[in-house]
Amino acid sequence: MRVGNIVCEAKLTEPDFTSKRATIMEAYRDFLDVFDATLLPQVEGQYQSYQLIRNVLAAGAHGYDFVLLCDGRRPDLLHHWWMVHTAIRHPDLRARSRFLLWQEVAEACPAPLRRYLREKYGL
């Protein structure tokens with residue numbers, strides 16, 4: 001999703017960021033320029049956290065920021081984020097790539113929406 005000059009990946013109920021074959025990922029424009037591939041999580045010839053990698057590439061290609069919206073109760077997803085973030089080669093893109101917790105978003109919402117998020121998702 002893109003909002004203005006921000007590319008967002010939102011994770012609240014999904015279990016992970018999916019994976020993609022390394023040969024496919026390495027063919028993406030600027031992949032090896034943007035990432036130190038040796039630092040990205042890989043299992044059996046597949047890059048893990050595909051959705052994060054793809055969105056960072058999109059943000060970098062367009063000069064946008066990237067924001068991951070993530071549940072603070074999911075340290076496993078945050079761990080994957082930090083692995084991808086660490087692999088970003090360009091300091092300016094790394095600085096424009098960050099995360100925001102759903103709990104922080106919920107606190108900033110109007111009271112009716114805050115109640116809904118609390119009841120539906122426990123935020």
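1. Let's start with Gln51 in this predicted model. Leaving aside neighbours within four places in sequence, Gln51 is in contact with Glu9, Lys11, Glu14, Asp16, Phe17 and Thr18. Gln51 is part of helix α3, and its relative accessibility of 12% puts it under the 20% limit, so it counts as buried. Among those contacts, Lys11 deserves a closer look: its side chain makes a polar contact of 2.8 Å with the side chain of Gln51.

2. Lys11 has a charged partner as well. A salt bridge joins the side chains of Glu14 and Lys11, at 3.0 Å from N to O. Are these two residues buried or exposed? Lys11, at 0% relative accessibility, is buried, while Glu14, with 36%, is partly exposed. The pair also belongs to something wider: salt bridges with shared partners connect Glu9, Lys11, Glu14 and Arg54 into one network.

3. You may like to check the other charged pairs too. The whole structure holds nine salt bridges. One of them links Asp65 and Arg96 through their side chains, at 3.6 Å from N to O. This pair connects distant parts of the chain, with Asp65 in strand β6 and Arg96 in the loop between α5 (91-95) and β7, 31 residues apart. Both residues are buried.

4. Another salt bridge is formed by Asp30 and Arg29, whose closest N and O atoms are 3.2 Å apart. Here Asp30 is partly exposed, with a relative accessible area of 34%, and Arg29 is exposed at 60%. As general background, side chains of opposite charge can pair when their charged atoms come close.

5. Now to the nonpolar interior. How many residues does the largest nonpolar core have? There are 27, and the ones with the most contacts inside it are Phe31, Phe35, Leu40, Tyr47, Ile53, Val56 and Phe66. At least two core residues come from each of α1 (22-25), α2 (31-34), α3 (50-62), β6 (65-70) and α4 (75-87). Helix α3 gives the largest share, six residues. Separate from this is a second core of eight residues, with Leu12, Val67, Cys109 and Leu123 among them.

6. Phe31 is a good residue to centre your view on. Beyond its neighbours within four places in sequence, Phe31 is in contact with Met25, Glu26, Ala37, Leu40, Tyr47, Ile53 and Leu57. Of these, Leu40, Tyr47 and Ile53 are also on the list of residues with the most contacts inside the core.

7. Aromatic pairs come to six in total. Trp81 and Trp82 make a tilted pair, with 6.4 Å between centres and 50° between planes. Trp81 is buried at 0% relative accessibility, whereas Trp82 is partly exposed at 40%. Why is the pairing of Trp82 and Phe99 called edge-to-face? Their ring planes stand at 90°, which is over the 60 degrees required, and their centres are 5.7 Å apart.

8. The Trp82 and Phe99 pair has a reach along the chain: because Trp82 lies in helix α4 and Phe99 in strand β7 (residues 97-101), it ties together parts 17 residues apart in sequence. Phe99 is partly exposed, at 29% relative accessibility. Together, Phe66, Trp81, Trp82 and Phe99 form one aromatic cluster, and Phe66 is also among the residues with the most contacts in the largest core.

9. One last ring to look at is Tyr50. The charged end of Lys20 sits over this ring, 4.8 Å from its centre.

Technical notes
Residues are numbered from 1 along each chain as its sequence is written. This is a predicted model: local features need pLDDT of at least 70, side-chain atom pairs count only at pLDDT 80 or more; totals for chains, interfaces and linings use all residues. Side-chain values use heavy atoms; hydrogens and water are left out. A nonpolar core is a set of buried Ala, Val, Leu, Ile, Met, Phe, Trp, Tyr and Cys residues joined through side-chain atoms within 4.5 Å. Buried means under 20% relative accessible area, exposed over 50%, partly exposed in between (1.4 Å probe, protein chains only). Helices (H or I, at least four residues) and strands (E, at least two) are DSSP runs, numbered from the N terminus. Contact means heavy atoms within 4.5 Å. A polar contact is a pair of N or O atoms within 3.5 Å; within protein, one must be able to donate a hydrogen and the other to accept it, and residues adjacent in sequence count only if both atoms are side-chain atoms. Rings of Phe, Tyr and Trp (its six-membered ring) pair if their centres lie within 6.5 Å; planes under 30 degrees apart count as stacked, over 60 as edge-to-face and the rest as tilted. A charge sits over a ring if NZ of Lys or CZ of Arg is within 6 Å of the ring centre and within 35 degrees of the ring normal. A salt bridge is a side-chain nitrogen of Lys or Arg within 4 Å of a carboxyl oxygen of Asp or Glu.
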